[in-house]
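Biologist: Please take one part of this model and go through it closely, in plain terms. I would like to hear about the aromatic rings and then what surrounds them.

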Amino acid sequence: MTYPEAGSAEVFADPTPTVPDLIAPIPPGPGPAARPPRPGPVARPPEQAEASQARADRLRRARRRRRIARSAGITLFACGVLATSLGLGGWRLITHAVQGHSARQSGQSGQAGTGANGGSAGHGNLAVQASGSVRRISSARPGHHAVARPAWLVIPAIGVSTNVIKLGLTVDNTLEVPPTAAIAGWYTKSPRPGGLGASIIAGHIDSRLGPGVFYRLRDLRRGQFIYVIRANHTVAVFEVTGKRTYSKSSFPDSVIYGPVPDAELRLITCGGTFDYATGSYLSNVVVTAVLIR
């Protein structure tokens, strides 16, 4: 092998192939596939469009009604809480006044009567059963309605605290009695407690279930106090002036129900001997009291 001389212009060709010669050319491929056009909104039939609109309107109205109902419920709840608070506050003021007066007078009223463990609690009798007619009961005087009706009765000495309902006359012209032994009743044809005349409040001594609201009425003593809370939250305070037991066969209607010159109170219940044959007591216990404030 001969080599070119120095300075010769002959150049040997390099037989080694270059990299581009080794890589085969890549033929051009197809371009990205064209996406099909997105379909536009499909027009609904008019009936479906109207139905959808009506459904949407109903949902909106339902949401609006729920919001209104929620607001109204919150408002009513707040009003109820406020009314309850006012009512409890008024009742606490009245109770405080009753307790305060009772405490101030405790030295004068003497020791509270003790409850009788014996007696006839549990008898079948459910009636006050004031004997005789009440035609001669003291009637309402002028200004009768100026005094609010009684709503609650409190007698601390014998542990009585009860609401007072309205009583009228029976078909045989006798005094009605409360429907249960747990409450007392005011005879509506008598003066309201604190008004001029003798106001009548009756209650049961007992029932088949046990002692009634006036079970310990016979334990009241002269000088003890009775509180009648009226519907306008005023309190009429009565002082006990006497207690009598009358046979039902000779009940003094004119004395108990008759007119009096001042504001008085009569509390009536059954008492005396219990007659198992008739299922009732043979007597009535009557407590009289006079208004002092």
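Modeller: Tyr276 counts as exposed in this predicted model, because its relative accessibility is 64% and the cut-off for exposed is over 50%. Its ring forms an aromatic pair with Phe274. The two centres are 4.9 Å apart and the planes stand at 80 degrees, an edge-to-face arrangement. Phe274, in contrast to exposed Tyr276, is buried, with a relative accessible area of 11%. Phe274 also pairs with the ring of Tyr281. There the centres are 5.0 Å apart and the planes are at 75 degrees, so this pair is edge-to-face as well. Tyr281 is buried, at 2% relative accessible area.

The count of aromatic pairs comes to 4. Ring pairs also link Tyr246, Phe251 and Tyr257 into a cluster. Another ring, that of Tyr215, has the charged end of Arg218 sitting over it, 4.8 Å from the ring centre.

Now the strands around these rings. Strand E9 covers residues 263-275, and strand E10 covers residues 280-291. Both belong to a barrel that 8 strands close, in the order E1-E2-E3-E4-E9-E10-E8-E7, with mixed pairing. On average, neighbouring strands of this sheet are turned by 35 degrees against each other, direction ignored.

E9 pairs with E4 in the parallel sense over 6 bridges, and Ile201 stands opposite Leu267 in E9. E4 takes in residues 197-203, and 7 of its 7 residues are buried, so this strand is largely enclosed by the rest of the structure. E4 also pairs with strand E3 (residues 184-187), here in the antiparallel sense over 3 bridges. In that pairing, Ala184 stands opposite Gly203 in E4. Elsewhere in the barrel, strands E7 (residues 225-230) and E8 (residues 235-247) are joined by 5 bridges in the antiparallel sense. Tyr227 has Val237 in E8 as its bridge partner.

The largest nonpolar core has 23 residues. Leu153, Ile155, Phe214, Leu220, Ile226 and Leu267 have the most contacts inside it. The elements giving two or more residues to this core are E1, E2, E3, E7, E8, E9 and E10. A second, separate core has 11 residues, including Leu167, Ile200, Tyr246 and Ile256. Tyr246 thus appears both in this second core and in the ring cluster with Phe251 and Tyr257.

Back in the largest core, Ile226 is one of the residues with the most contacts. Leaving aside neighbours within four places in sequence, its contacts include Leu153, Ile155, Leu220, Val237, Phe238 and Leu267.

Notes: Residues numbered from 1 in each chain as written. Predicted model: local features only at pLDDT ≥ 70, side-chain atom pairs only at ≥ 80, totals over all residues. Heavy atoms only, no water. Pairing = 2+ DSSP bridges. Helix = DSSP H or I, 4+ residues; strand = E, 2+ residues; numbered from the N terminus. Axes fitted to C-alpha atoms, helices over the stretch in contact; angles between N-to-C directions. Buried < 20%, exposed > 50% of the residue type's maximum accessible area, 1.4 Å probe, protein only. Core = buried A, V, L, I, M, F, W, Y, C linked by side-chain atoms within 4.5 Å. Contact = heavy atoms within 4.5 Å. Phe/Tyr/Trp six-rings, centres within 6.5 Å; stacked < 30°, edge-to-face > 60°. Lys NZ or Arg CZ within 6 Å of the ring centre and 35° of its normal.
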